Structure formats: structure tokens, C-alpha cells
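Grab a coffee and work through these exercises with the structure open beside you. Each task comes with a solution in steps.

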Amino acid sequence: MTSLSSMGEFGFLEKLKARFGNMDPALPMGMGDDAAVLPSGDKENYALFSSDMLLEGTHFDISYTPMESLGYKAVSVNVSDMIAMNGRGKYIVVGLGMSARYGWEDVKSLYEGMERACKEYDISLVGGDTVSHSKGLLLSLAIWGEVPKASVTYRKGAKPHDVLCVTGSLGASYVGLQLLIREKRTVLSDPTLSPEIAEYAPMIQQHLFPQARQDILNFLESQNIVPHAMIDISDGLSSEILHLCSASGCGVEVYEDRLPIKESTYRTALEIGLEPLTCAMNGGEDYQLLMALPPQIYETATSCGDIHAIGYFVENPSHISLKTKAEQEISLTAQGWTQF
């Protein structure tokens, strides 16, 4: 039997795409992107569809994940998939499996978090399913949205000389997670102690309540900017760069000194024994946007102050590298979150 871990997520998805990817040739995009792009009967818009699953013990630890934040995060990560296609989410349905150790108060807090996110992103929760689950908590959301046909953006489409840009800052969510893990271990070793996390609140907030970058979508629309390619950063910057390069048939050069890492994230990473560059490249769950922009418009895009140029695309698809501050060139590999 072939183990899924030996295939990796890339290999696993390629097998599925080979089997199901061309079932309906009329689809603008089936498998292989942040969301499926579907005919909608609307002359101006495509429909978007995506889903995400969060499983206790795999994607979150309930001992340091408040139920409200879990509900909020579940909506945000689905909305982020819509934004990565240059579109907007409109409706979600929720699948919830819970064991008997959870009560009504837990469910109430969970849905309060989802309600908060739905209001922020102008999304409507329209249904779902609830089942008993023998082990912990399982949360699965599916989202439907829309994107103008003229501006739908895929992972494919990057061209040589395009500028590789990223929004926001990198690594904060991963550092926030490591802080939560550290404090959990401290409390388990001595239950009389209380977590000391107040000074790290922004990083922990970034992990527990990630923000889908709808503000960036609004800015791009206001400037009539359509990226050549785009993806959101869920599994780590290096993995998402590889997705863009693989889909577009291009290589890329990334520069360490251009990576946006906040001073607080950099300092805290060192404090807890982590390499800041590793956190930025491989940490994951930043839910920032990574995009390919034509050279002639990237300066307009970066004028918003929260879109940062970090490299450029090249013709050679095998040249996917990071140039360090010490002028060393490192080949990028997918070292972020792996599903198996």
C-alpha cells in the first residue's frame, strides 16, 4: 500500500486531478485552485465554490482555542479562498460533528464566532448539518461566492518578469501558535502557574482570529488592478510559491531582505528559539495574499502600503530560489503544513 505521507499533498492532489479534473470540460476551473469556478447563468459573473475542514487534534487544540475563535477562523479561511480567486463569498453552510463532552454553551460560542465573521465579511449562513461524533469536534464549512468573469484570478497566469508580491506581514500566526503550545506545556508541568501571554497578544490574535484580506480586494478593485495570478497563504509561503510556479510554468527569485516580518514577530521568534526566516517561509496560517503583478502596475499596487514586492518570476520553471541577506541562494521546497 502506498502511504499518503510518501505522496505528500502535491502528489495526492495530482492523482485526484488526473482522475476527476476533466469530468466537465465546460468548467472554467474544476480542481486545482483555491476554489472551483462554475457557470452561474449570469453573463457577468462566475460562481465560486470551496470548502474547508477543521479537525480537533489536527488543526486545533481545544485547550487553547476558544470556541468563538474557532467559529470565526472557520469562516475567515473560507472567505480567504474566495478572495484568492479575486471574488467574494456570499453564502456558507456548516457541517458540525461534536462528541458528548461538548454542551450547548460551546455550540453557542462557536456560532457566535461564525456570526461575527459573517457580519464582517457580509456573508450569510444558510444551513448545514449536525451529527454526533465519537472523537472531539469536526467543523466543515462550504462556501459559495461570485467573481466577475473579467477579473477571475487563478494560480496559473504568472509570467516571467512579473513581480511577486505579498500582503501584510509573515510568520506572526506561527509564532503565536508556538507561544500557545509553550504556555500549555508550562501549565501542564505546574498547574499553579498562569499563562503569561499579554505582551504577545497581537501574534496570538493573528493565529486565533485570522483576517481574510477583503480590504486588499477592495483596494485592487478601486484601482482596476487584476493580478496575473494569486493564492492565499495557508500552508506556508514557500508552499504557496511552489503552487504558483507549478501552475504558471515559471520559476521565481525571492529576496529575504524584502520579506515583511514585523519586529515583534522577529524578536519573539528568536526569544523562543525559532529562526524568523523559517517562521515566515514555512509557518503557515497567515492567510495573506500572494500575487503576481505586471511590472507596469506593481508600484500602483504597493502604494496601498500593505502590498510588498518580495521577488520576481523567471522563465526557467526549475529555478525557484530564495536569495538570503548573505547573498546565498537556497532552492525553495515545500516545508510548511502537510496534510499527511
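**Exercise 1. Find what the side chain of glutamate 56 holds on to, and say whether glutamate 56 is buried or exposed.**

Step 1. Start with the backbone: the nitrogen of leucine 137 sits 2.8 Å from a polar atom of the glutamate 56 side chain. This is a predicted model, where local features need pLDDT of at least 70 and side-chain atom pairs count only at pLDDT 80 or more, while totals for chains, interfaces and linings use all residues. Residues are numbered from 1 along each chain as its sequence is written, and side-chain values use heavy atoms, with hydrogens and water left out.

Step 2. Now look at side chain to side chain: glutamate 56 and arginine 101 make a polar contact of 2.4 Å. (A polar contact is a pair of N or O atoms within 3.5 Å; within protein, one must be able to donate a hydrogen and the other to accept it, and residues adjacent in sequence count only if both atoms are side-chain atoms.)

Step 3. List the touching residues, skipping those up to four places away in sequence: Ile62, Arg101, Tyr102, Gly136 and Leu137. Contact here means heavy atoms within 4.5 Å.

Step 4. Check the exposure: glutamate 56 has a relative accessible area of 18%, so it is buried. (Buried is under 20% relative accessible area, exposed over 50%, partly exposed in between, with a 1.4 Å probe and protein chains only.)

Step 5. Place it: glutamate 56 is in the loop between β2 (45–55) and α2. Helices (H or I, at least four residues) and strands (E, at least two) are DSSP runs, numbered from the N terminus.

**Exercise 2. Work out the strand order of the open seven-stranded sheet, and which strands stand at its edges.**

Step 1. Read across: the order is β7-β9-β6-β10-β8-β11-β12, with mixed pairing. Two strands pair if DSSP finds at least two bridges between them.

Step 2. Go to the ends: β7 (229–232) and β12 (329–331) each have a single partner strand, so one side of each lacks a neighbour in the sheet.

**Exercise 3. Describe the surroundings of β9.**

Step 1. Take the partners: β9 (residues 289–293) pairs with β6 (residues 163–167) in the antiparallel sense over four bridges, and β7 and β9 also pair antiparallel over four bridges.

Step 2. Match residues: methionine 291 stands opposite cysteine 165 and is the bridge partner of methionine 230. Valine 163 faces leucine 293.

Step 3. Check burial: five of the five residues of β9 are buried, so the strand is largely enclosed by the rest of the structure. Leu289, Met291 and Leu293 lie on one side, Leu290 and Ala292 on the other.
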